[in-house]
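Colleague: Please take a close look at one part of this model, the contact between the chains. Start there, then work outwards into each chain.

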Amino acid sequence: MPGPTPETLTAPLVVEFPFTRSLGPVQSAFLTGLRERTVLGVRTRDGRVLVPPVEYDPVTAEEIRDLVETAATGTVTTWAWNPAPRRGQPLATPFAWVLVRLDGADTALLHALDAPGPDAVHTGLRVRIRWAVRRTGAITDIACFEPYDSPAAPRATAHSGAFADPVTGITTSARLDYTYTPGRAQTRYLTALAGRRILGERCPACHKVHVPPRGACPTCGTPTDEQTEVGPRGTVTTFCVVNIKAKGLEIDVPYVYAHIALDGADLALHGRIAGIPYDRVRMGMRVEPVWTEGARHPDHYRPTGEPDAPYDAYKELL
Amino acid sequence: MSKEPVAVVGIGQTRHAAARHDVSIAGLVREAAVRALDDAALTWADVEAVVIGKAPDFFEGVMMPELYLADALGATGKPMLRVHTAGSVGGSTALVAASLVASRVHRTVLTLAFEKQSESNAMWGLSLPVPFQQPLLAGAGGFFAPHVRAYMRRSGAPEGIGTLVAYKDRRNALRNPYAHLHEHGITLERVRSSPMLWDPIRYSETCPSSDGACAMVLTGTAGAARAPHPPAWVHGGAMRSEPTLFAGKDFVSPRAGRDCAAEVYRQAGVTDPRREIDVVEMYVPFSWYEPMWLENLGFAAEGEGWKLTESGATEADGDLPVNPSGGVLSANPIGASGMLRFAEAALQVRGAAGERQVPGARRALGHAYGGGAQFFSMWLVADTRPTT
């Protein structure tokens, strides 16, 4: 019978990766231009100037390669005050998010405006680029915008886009912060693991025992709440010999990665086999878990010494 | 009311490579899309809707391709949909596009799938550090290798079948100018002696990591009549899915794959696929999956698929050529790989497959699968308009 449900588990899950991007001709010219304190846009066939530039006309889908240089001064077209900047934002002190139409452009660029407070910002405000001291060929080469009183002078002049040592690629680090909650069934399973017991759940409709349990039968969708202990012994149904080191895994190769059908379970789970030379592992071999102090899951499985299970005993679990 | 017959009138693909540093993602999809439009002699204005597919978001960190790529694909002012079914996505994306034509919602639809593996890391995308869970202990091929061993045990297939497939597909790729791998001077011995990575899978038996895109223009009977080149006609198309893990899951021959093929054959009136289908483009990420899928798709009885491979029937000049393009083993831009299978099947029945053309191909199957053998999508195309 199920005992009282323990508190469901929860833990942070941070997903972070430095994605790279090939820029293509237009973004390459744009970002290299910023490095050289030059703002480039593109001119569409109907004469509009788009800053930031795009490779393909948003209206006609035509390829655009006609680069133009605009001014570093412009006009705020709309804005929003950001009272509490977050990690990674352009300024550490409160600032305004602004859309700025640079002189010579027909579209607006999103960036930050350094201003003492919201009272100092209004639509129509004249601004200019404050260049970063160290520029690498990135949108952050514009440190931010700052108020700057100057007459609007719409002017866009043709530019070849050619620079020495152009930037052709960038790295864009993505980071996502999640809170992961495995749910009641997984929590019951994990709590039992702490006592070195492996709990499956039986489907009341099709009577199959699933491990790890998910709280519902993956075949028929029926909720499962009847826990049943499986294993600890089981049968190797199939396996492979891993001969190359996987990134981030501290296991010496070669080693055996196996599917193990624990006694009483109706599907196999995965584990490493040790305690036997890798080339003597076989389908049908009987194994048991080996636990290590402080680890949540079995470290590996080792042979029990029992005779191998006949193929017919596990072929449906392959 | 009957469905509108669906014709493939435009096909375009990129030159696939380990890294296409010369183009942005927008430039990559554009290359395929422009080629498909040119093939159909159509312009952006002729396209009524765009259906796009790609691999899971983490693979190259583009969460909303339908937003980011709308300009490059001329989607302004038009419906643009994104489809998402792991490695099978290229196939299911094409089928969603086909359904828009078949249902007469749209007359002409552009469908496209892409992947830029060089700007990401698919293995990282597949192994997020989910709390409390035991990490996969084996790396990319380690997920598949135990299933291959299970197939060998179940069928009694001899060890060398996987190398035969890899040797065939890499030679086929030499006739496909778009393929990523062109291994001139490849020999069976070289495949056979390549390192054993995840025993029983050798290095040469694994797919490469590629950048690439594929696009197709789908239309109805009126559009087909205006097309400059013969179309491929869709005679059947289906998708099936099942959980990655459940009691009774058959990784060697998943039920979802069998059911999906059966539905496609039913729609197309095919009762003996081995005899009635002239060429197959199937999703074979590791060479052993050719004999496995031959059985799953009904081309061979259970346990007999490897005999078909061993007999040479699946060679380019055999009586059931499989992957004359070189297949996934020769180019694997994951998000696009499924659509490439569909497109290569269509090229064959259009007689437009160039040096890799199977002479007289009139009926071809395109097959895609993905996830942990979780998603399946297939279509059957032919050189004549369906009668029903």
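Modeller: Two strands count as paired if DSSP finds at least two bridges between them. The model is predicted. Strand β15 of chain A, residues 234-242, pairs with β5(B) over two bridges. The pairing is antiparallel, and it runs from one chain to the other.

Take the two positions in turn. Val242(A) faces Trp198(B) of β5(B). Val241(A) faces Asp199(B) of β5(B). β5(B) itself spans residues 196-199.

β5(B) has a second partner, this time within chain B. Strand β6 of chain B, residues 201-202, is joined to β5(B) by two bridges. These two strands run antiparallel as well. They make a hairpin, with one residue between them. Trp198(B) takes part here too: its bridge partner in β6(B) is Ile201(B). So much for the strand pairing at Trp198(B): Val242(A) stands opposite it, and Ile201(B) is its partner in the hairpin.

Now widen the view to the contact as a whole. How many residues of each chain are in contact? Chain B brings 45 residues and chain A brings 48. On the chain B side, three elements each supply at least two residues: α1 (25-40), α5 (145-155) and β5 (196-199). Of the elements of chain B, α5(B) gives the most, with six residues. By residue class, the chain B side divides into 24 nonpolar, 11 polar and 10 charged.

One residue of chain A gives a second route into the contact. Pro182(A) sits in the loop between β11 (169-180) and α2 (183-194) of chain A. Is Pro182(A) buried or exposed? A residue is buried if 20 or more other C-beta atoms lie within 10 Å of its own. Pro182(A) has 21 within that distance, so it is buried.

Its contacts reach both chains. Leaving aside residues up to four places away in sequence, Pro182(A) touches Leu9(A), Thr187(A) and Leu190(A), and across the chains Phe132(B). For scale, compare Ala80(A). Pro182(A) and Ala80(A) are 102 residues apart in sequence. Their C-alpha atoms are 38 Å apart in space.

Follow chain A on from that loop. The helix after it, α2(A), covers residues 183-194. α2(A) lies across β12 and β14 of chain A, at about 150° to β12(A). Those two strands belong to an open sheet of three strands, in the order β13-β12-β14, with antiparallel pairing. β13 (209-210) and β14 (226-230) are the edge strands, and each pairs on one side only. β12(A), residues 198-202, meets β14(A) over five antiparallel bridges. Within that pair, Ile198(A) stands opposite Val230(A).

Next, the broader layout of chain A. The assignment gives domain 1 as residues 24-167 and domain 2 as residues 231-317. The C-alpha centres of these two domains lie 58 Å apart. An unreviewed UniProt entry places "domain: ChsH2 C-terminal OB-fold" at residues 68-131 and 228-291 of chain A. Residues 68-131 are 0% helix and 50% strand, and their end C-alpha atoms are 19 Å apart. Residues 228-291 are 0% helix and 47% strand, with end C-alpha atoms 20 Å apart.

Back to chain B, and away from the pairing with chain A. Which residues of β2(B) are buried? Six of its six, residues 49-54, so the strand is mostly covered. In a regular strand the side chains alternate between the two faces of the sheet. Ala49(B), Val51(B) and Gly53(B) point one way from β2(B). Val50(B), Ile52(B) and Lys54(B) point the other way. All of them are buried, Lys54(B) included.

β2(B) has parallel neighbours. Six bridges join it to β4(B), residues 108-116, where Val51(B) has Thr111(B) as its bridge partner. Four bridges join β2(B) to β3(B), residues 80-83, where Ile52(B) stands opposite Arg82(B).

Last, the later part of chain B. UniProt, again in an unreviewed entry, annotates residues 243-373 of chain B as "domain: Thiolase C-terminal". That span is 38% helix and 8% strand, and its end C-alpha atoms lie 8 Å apart.

Conventions
Residues numbered from 1 in each chain as written. Chains lettered and ligands numbered in written order. Predicted model: local features only at pLDDT ≥ 70, side-chain atom pairs only at ≥ 80, totals over all residues. Contact = placed C-beta atoms within 7 Å. Nonpolar A, V, L, I, M, F, W, Y, C, P; charged D, E, K, R; others polar. Buried ≥ 20, exposed ≤ 12 C-beta atoms within 10 Å, placed from the backbone. Axes fitted to C-alpha atoms, helices over the stretch in contact; angles between N-to-C directions. Domains from an automatic or database assignment. UniProt positions renumbered as here; feature names shortened; annotations may be inferred.
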